[in-house]
Amino acid sequence: MRKTNINWLKKKREGLYCVPGNFFIDPVFPVDKALITHAHTDHARPNNKSIFSSKETIELMHLRYGESYCSDFQIAYFDEKIKINDVTVQILPAGHILGSIQFLINYKGYRLLISGDYKRTEDKTCLSYEPVKCDTFITEATFGLPIFNHPNDQSEVKKLIKSIKENENKTHLIGVYALGKCQRLITLLRNHGYDETIYLHGALTKISKFYSKNNIKLGNISNISECSKSEYANKLVLCPPSSLNDKWSQKFKNVVKGYASGWMRIRQRVKQKNIELPLILSDHADWGEILKTVNDVNPNEVLVTHGREEALVNYLTKKNFKSSALNLIGFEDENE
Amino acid sequence: MNDFAELLNDLILSPSRKKKIDLLKIFFCKSNLKDKGWAFCILTNRMDRKFISVKELKELIVENSDEDLFRFSYDYVGDLAETISLLWESNNEKNIKINLHEFMEIFSNFDHKNKLKTKLKYILDRSSENQRYTIIKILTGGLRVGVSNGLIKEALKLSGVREKSEIEEFWHGFKLPCTDLFEWLDGKKLPRYINRKKLFNSFMLANNYNSNEFKSYKIDDYIAEFKWDGIRAQIIFSEDGKIFSRNGEDITNSFCDINTFTKGYFVVDGEIVVKKNNKVLSFNHLQKRIGRKNPSKKLIEDYPIHFIAYDILFYTSVDCRALSLIERKKYLNRFINICKLSNISTSSLIKFSSWDQLQNIKETSLNNHIEGVIIKKKTSLYKKGRVVDGWYKWKRNPFSVDFIIMYAQRGHGKRSSFYSDFTFGCWVDEQFTKLVPVGKAYSGYTNDELKSLDRWVRNNTVERFGPVRSLKPGLVVEVSFDNINYSSRHKSGVALRFPRFSRIRWDKPISQVCSLKYIKDLIN
């Protein structure tokens, strides 16, 4: 890390470390105390001794890693200021997935905002992003290039519904991330009047049930194993992206393969993954949303992580923000 | 325009051949004649020129966007048309309604570059992302949407009354904007300007030799000839003779030292090489002549062209393609005897009595400019493309040398997100301290290996120059190549023919890689 305004934030092997608070934020290796922004596995790793996060994130981690993975956890509530050693920590919704939060860390009056992953588009499955004024802002840059300009999610869902109508004898197999994207897509489909049963790959059911329990209405969903082969035609099946081209998907004979992701913006990526029906649906801020957020939180300094840091740092510097790349390790380049 | 943009997008995303043919058929049926014609020209890359250069496009996008942001984006996307179409900040004007043929007519008639740029900007401002992509692809040429000519022929057959063989026969005759092609497909007469005798004929190509298959084949059923390292060409000898390259490009002017004028009509298939003092010279020498539309007298004297004839397609009114190879060879010899040109000869047959012997001849032939041998079935007819039971190429074993990877560049198209183009080199001398680049390779690895290479590149970058990364010397690769020669064009002084990766030597220390002297010794 280049010199930043904050000398009390350190980059360690385990991840980002707050010195006066004596905790890590989204560490990649186990630590004594971890603040977790959301439950995606590249942010919420197992085996930390003590966890501080939102109720939903902690429950999702229990669901993933078993009840016994961590005995010492502390639930963070909105509108609460928690003192951790020499700093106070406040949480705000990040709009990424259910339970995703930002951390506002105050040390001697200096305010550091760690956004985690976030988006600004409305999403019925989670609380909307809440901007707050800060001195240093750490932003993600998964889609930190101006070529990423996510279209309206309504148009993408309509595209899927249209394709289902036009290809009556085919199975629609759509790759979605198990946590967040899957449930957001289902919710969007329901809001557009698609009320058929939606079939899920086994890897998606547990988390979807968790969403249902949290009052997110998913309508009729069912495990694909409960559907006989002869019934596959004209069904909508959701599965993890990795299953789109593996053995599991071969049992569907007449398929339209789709993938719901911000990466679907780029044709060659679509081609590389053998996708016929790209749905540009992202849970990350696009270029415009990142810039809007930087303006909203109006910091002296922006630190950039996760993804295409160079372009964003270059642009923000030109716009007179002090800006540099964090270069954290352990975050896969292209996860979403 | 919108229909065509949608067609392109659908073609790119369609995984199956059948679906692509369907899409084309539907487009050809529902579009108006002019749009069809232009679409056909665009899809088969018949445009005679690029409307706009890459440099001009870059200038245009930099005016519209930020230069650094364009550079980062282009580096990431790896496709200029896609980068610009995504990056372009349209000013929310209403979408323009313009037919494909209107668009093509406007841009075909611009001769003033600045006016063209202004008009293009106006249209891009009023287009969707997908339309912008299509427009830029059209203007720069080379669509790469995964549509082969074979596929288009199939779609044409389905959207008219003509047989595939007829379409094949006149395929090369129709001229821009090809509206008459679609009229002909519907049953009208051929346009007057099409003269079958001036048209390029599709080449017959060789399959790869398979030793297991051949073990059981009878020697007597086959002939063998050398595969010369030149360029394949088809010459029409007539009063208005022509020379065509492998993909049907007219290269008559580049090789004007071959006299194609004669009474009658003869079409001969063969190889163009440079031959001096009765010796065929390397491909490097031939390269001086390729692409030179008006070669100077000196160039012609220094690099004299020779045509080695393999086969004959037409002998006056005889369509030799329907005859067996042995019959065709007789006609070919007859033609060579009557044309009496010193820089044309027939390819000689190799005498052999077993496949092992032929292999031996192939490997030990002293002539450096032989790529291998071609084995041809005596009874085979002359047919387009790679025909089963026709011709087989049996290449010489390639050279194989370990090199060190020095630079990497991001690929394009399907490989756009990966570092896939590699410059490799060896030590300058026995001090083993300095490296010199020797060649570039971008094939020979598997997809999984490509991912590992990509990761290695990202972790071992020393410096970045635009899309190119210079790398810490550390990775050894075994490179295969078909031939090696001296070259004044390259810093190393040598040029490799068709280098490709054969193995990645993750295990091998760079200190064990050879020096340039060893490489040069391979030449002789």
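**Where two chains meet, and what lies inside**

Where chain A and chain B touch, the contact draws on 18 residues from chain A and 21 residues from chain B. Keep in mind as you look around that this is a predicted model. On the chain A side, two helices each supply at least two residues to the surface touching chain B: α5 (267–272) and α7 (309–318). Of these, α5(A) gives the most to that side, with six residues. What kinds of residue does the side of chain A that touches chain B have, by class? There are seven nonpolar, four polar and seven charged residues on it.

Now let us step back and take in chain A as a whole. Seven helices and 19 strands make up its list of helices and strands. Taken along the principal axes, the C-alpha atoms of chain A fill a box of roughly 65 × 45 × 30 Å. A compact globule with 336 residues would have a radius of gyration near 20 Å, and chain A has 20 Å, so the two agree. Buried residues account for 48% of the 336 residues of chain A. You can also ask how far along the chain its contacts reach: among contacts in chain A with a separation of 6 or more, 59% are between residues 24 or more positions apart.

Next, look inside. In soluble globular proteins, nonpolar side chains tend to be buried together. Here the largest nonpolar core has 138 residues, and F103(A), L185(A) and L238(A) touch the most other members. Helix α3 (residues 33–43) of chain B provides the largest share of this core, six residues. To see one of the well-connected members up close, find L238(A): leaving aside residues up to four places away in sequence, L238(A) touches I174(A), V176(A), C182(A), L185(A), I198(A), L200(A), H201(A) and L204(A). There is also a second, separate core of 46 residues, which includes F237(B), F283(B), L313(B) and L332(B).

Finally, let us visit a pair of helices in chain B. Two packed helices are described by the angle between their axes and the distance between the axes. For helix α1 (residues 2–13) of chain B and helix α9 (residues 129–140) of chain B, the angle is about 85° and the axes are 9 Å apart. Because of that angle, α1(B) is roughly perpendicular to α9(B). From α1(B), the residues making the contact are N2(B), F4(B), A5(B), L8(B) and N9(B), while α9(B) brings N130(B), Q131(B) and T134(B). Sorted by class, this contact of α1(B) with α9(B) has three nonpolar, five polar and no charged residues.

Notes
Residues are numbered from 1 along each chain as its sequence is written. Chains are lettered from A and ligands numbered from 1 in the order in which they are written. This is a predicted model: local features need pLDDT of at least 70, side-chain atom pairs count only at pLDDT 80 or more; totals for chains, interfaces and linings use all residues. Two residues are in contact if their C-beta atoms, placed from the backbone, lie within 7 Å. Helices (H or I, at least four residues) and strands (E, at least two) are DSSP runs, numbered from the N terminus. Ala, Val, Leu, Ile, Met, Phe, Trp, Tyr, Cys and Pro count as nonpolar, Asp, Glu, Lys and Arg as charged, and the others, Gly among them, as polar. The radius of gyration is taken over C-alpha atoms; the globule rule is 2.2 Å times the number of residues to the power 0.38. A residue is buried if 20 or more other C-beta atoms lie within 10 Å of its own, exposed if 12 or fewer, and partly exposed in between; C-beta atoms are placed from the backbone. A nonpolar core is a set of buried Ala, Val, Leu, Ile, Met, Phe, Trp, Tyr and Cys residues joined through C-beta atoms within 7 Å. Axes are lines fitted to C-alpha atoms, for helices over the stretch in contact, and angles run from 0 to 180 degrees between N-to-C directions. Angles under 35 degrees count as roughly parallel, over 145 as roughly antiparallel, 65 to 115 as roughly perpendicular and the rest as oblique.
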